[in-house]
Amino acid sequence: MKLTNHISKYVIVFIMALLSIIPFYVLLYLALNPPSRTMFDGFNLLPDFHFQNFSSAWKSSKLGNAIINSLIITVGAVLTIVLVSSTAGYSIARFKNKWNSAIYSTLLLCMMIPAIIITVPLYTLMKNIHGINSHWAMILLLATNSLPLAIFLYTSFIKALPREIEESAIMDGCTYFSAFWRITFHFLKPVTASVVIISGLSIWNNYGQAVFFLQSQSMRTVPLAINMFFQSYGAQWNLMAAAAVIGVSPAVITFLVFQKYFIKGITAGAVKG
Amino acid sequence: MIQIGENTLMLLRRISTHLHKFMSLPAILLFAFFFIYPLTQGIGISLTDSNGIKAASFIGLDNFVTFFHDDRAMNDVKNTVLFALGSAPLLNLFGFLYALLLDRQFKGKSIVRTIVYLPAVISPLIMGYIWYFILQPERGFLYHMLNQLHLVFLSGDWLGDSSSALKVLVLVNVWQYVGITMVVYLAGLQSIPKEIYEQGKIDGASYFASLRYITIPMLYPSIKINIVTNIIGSLSVFDVILALTDGGPGYSTESLSIYILRMLYGSFTGYSTAVALILFAIIIIPVYVFLRVTKSKEYEM
């Protein structure tokens, strides 16, 4: 009885993992086949390992440039988010007053507003500040989009931290401001890892805003480049798949590096909130 | 060397002791500039016949009236609500079951967790293209597998058929985001002290009894976060549909956010902004009702 229980548990877990991984397999399969072989054939589930696809896809989709743009925007925005939302979270969690709680509830309300609502006025705004086709404006805009969730995570996490960790520093003559940077900030690593993963991925994958505000070819980010590629190359599945593999791998690798902190951060950030 | 006078030093010290009061200022400034300000502008635009180019004139609530008389818009409201009614409960159910299973001790647990989360890492646009290839009739991976297993009669043009396309989109969406829901439930499960379960066991509680009386009530914060984010996410669904069906066949999978985008491209700027505000209302009402209903529950526990 116990053994069958055990086996069925593994079977279920295996099916779960399989379901999640099949599309990745299909993507890799396509990316590694020559153009003549995009169909699946028999039970032969191994591709031809036709690595040339990657270099031709790289050249024709100008992915290198797109990856650089995506990196600049993602790193810039994530740094902004961590700095701005950890400080805001600290002040909301530690100094209870009407002002701070008003900010907090406004942010939570705004989490429910789909970004598409402000597209039109935002376009005028971006034009007026000369932010169309520029890295800095995209960084600030995408950082703002992720602020509510990041501040929410930081606030909940800091609320759960004991005040004593700062208090001794403040007794020694530290200001609250420097106590935050010197002491509290170091305790925020798990939630910072979650914020980096969650906001970093949504910024790396951002399509909705990029398509409006990064129109020049030289400013294209990865999702834009891949989408252009899909639209202009018709049925060349193997090249498109190779481009997609290249485009998603930085995100996947970063996630795999940070993922061990991830659940920890969510636990402390979201659940204690 | 710059000589700093006693007074300047005093002033600097005073500023630095009060610095913490301004720590949320950068966040507020960013948010006000890139969100609140455009939002208020948007409310203004929604009351005009703006097409983005010529000077717009004020037309009051006409855009909102037009919306409720537009058959396509009403069809899209229906699609959006149906999508959410499918997606949000399924995501929560599977996210919860996945978390229960992967909370147990077994070999390879963390690998499976990572794999289940992985789809959420990929841009929904690319994911959409992959699924498009999997689901293609007579060529796709699924058709091929069914063919090999002599189950080809089960296959069909799921995305091309207006009766099944929306259901397929719901399933793809659930597949992609079940990992996120699962992680939040896992986090909740891990914060439940094990002693409570031991006490329950001593009192003779079965697995299902402890699930009903310990796990679910203790998971309340996770349930709340997941349901709220799933309602918001599925009512504003956008890129999964864009990549897989582009709203088709016909308008059978067009969601409100896709409709807003189409109107925007069609230069109905004022109208599309008005529809966007209606979408916000459609999102906030169920969220508000849910939070209200569960608030009274919170006191009971």
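Author: Let's start with a term we will need: a helix here is a DSSP run of H or I at least four residues long, and helices are numbered from the N terminus. Please keep in mind that this model is predicted.

Reader: Thanks! Then how far apart are the end C-alpha atoms of residues 225-244 of chain B, and what share of the span is helix?

Author: The ends of residues 225-244 of chain B are 28 Å apart, with 85% of the span in helix and 0% in strand. Residues 21-40 of chain B make a good second case: there the end C-alpha atoms lie 27 Å apart, and the span is 80% helix and 0% strand.

Reader: Which feature does UniProt place at those residues of chain B?

Author: An unreviewed UniProt entry gives both spans as "transmembrane region", and its list for chain B also includes 81-102, 114-134, 168-187 and 264-291. Such annotations may be inferred rather than shown by experiment. The "domain: ABC transmembrane type-1" is listed by UniProt, again in an unreviewed entry, at residues 77-290 of chain B. In the model, the end C-alpha atoms of that span are 20 Å apart, and 73% of it is helix, with 0% strand.

Reader: And for chain A, which domains does the domain assignment give?

Author: Two are given: domain 1 covers 1-50, while domain 2 is made of 61-237 + 247-272. Taken over C-alpha atoms, the centres of these two domains of chain A are separated by 34 Å.

Reader: Now the interface. How many residues does the contact take from chain A and from chain B?

Author: Chain A gives 85 residues and chain B gives 86 residues. Together the chains bury about 7800 Å², and carbon and sulfur atoms account for 84% of that area. On the side of chain A, Met16(A), Met112(A) and Trp237(A) lose the most area to chain B, together 9% of what that side buries. Helix H1 (residues 2-31) of chain A supplies the largest share of the side touching chain B, with 16 residues.

Reader: What is the count of salt bridges between chain A and chain B?

Author: The count is 0 salt bridges. Polar contacts do turn up, in 6 residue pairs across the interface, both residues at pLDDT 80 or more.

Reader: One residue to finish: why does Thr119(A) count as buried?

Author: Buried means under 20% relative accessible area. Thr119(A) counts as buried because its relative accessibility is 7%. Thr119(A) sits in helix H5 (residues 119-128) of chain A. Apart from neighbours within four places in sequence, Thr119(A) is in contact with Phe212(A) and Phe213(A), and with Leu264(B) from chain B.

Definitions and conventions
Residues are numbered from 1 along each chain as its sequence is written. Chains are lettered from A and ligands numbered from 1 in the order in which they are written. This is a predicted model: local features need pLDDT of at least 70, side-chain atom pairs count only at pLDDT 80 or more; totals for chains, interfaces and linings use all residues. Side-chain values use heavy atoms; hydrogens and water are left out. Helices (H or I, at least four residues) and strands (E, at least two) are DSSP runs, numbered from the N terminus. Buried means under 20% relative accessible area, exposed over 50%, partly exposed in between (1.4 Å probe, protein chains only). Contact means heavy atoms within 4.5 Å. Domain bounds come from an automatic or database domain assignment. Buried area is the accessible area (1.4 Å probe) that two parts lose on being put together, summed over both. A salt bridge is a side-chain nitrogen of Lys or Arg within 4 Å of a carboxyl oxygen of Asp or Glu. A polar contact is a pair of N or O atoms within 3.5 Å; within protein, one must be able to donate a hydrogen and the other to accept it, and residues adjacent in sequence count only if both atoms are side-chain atoms.
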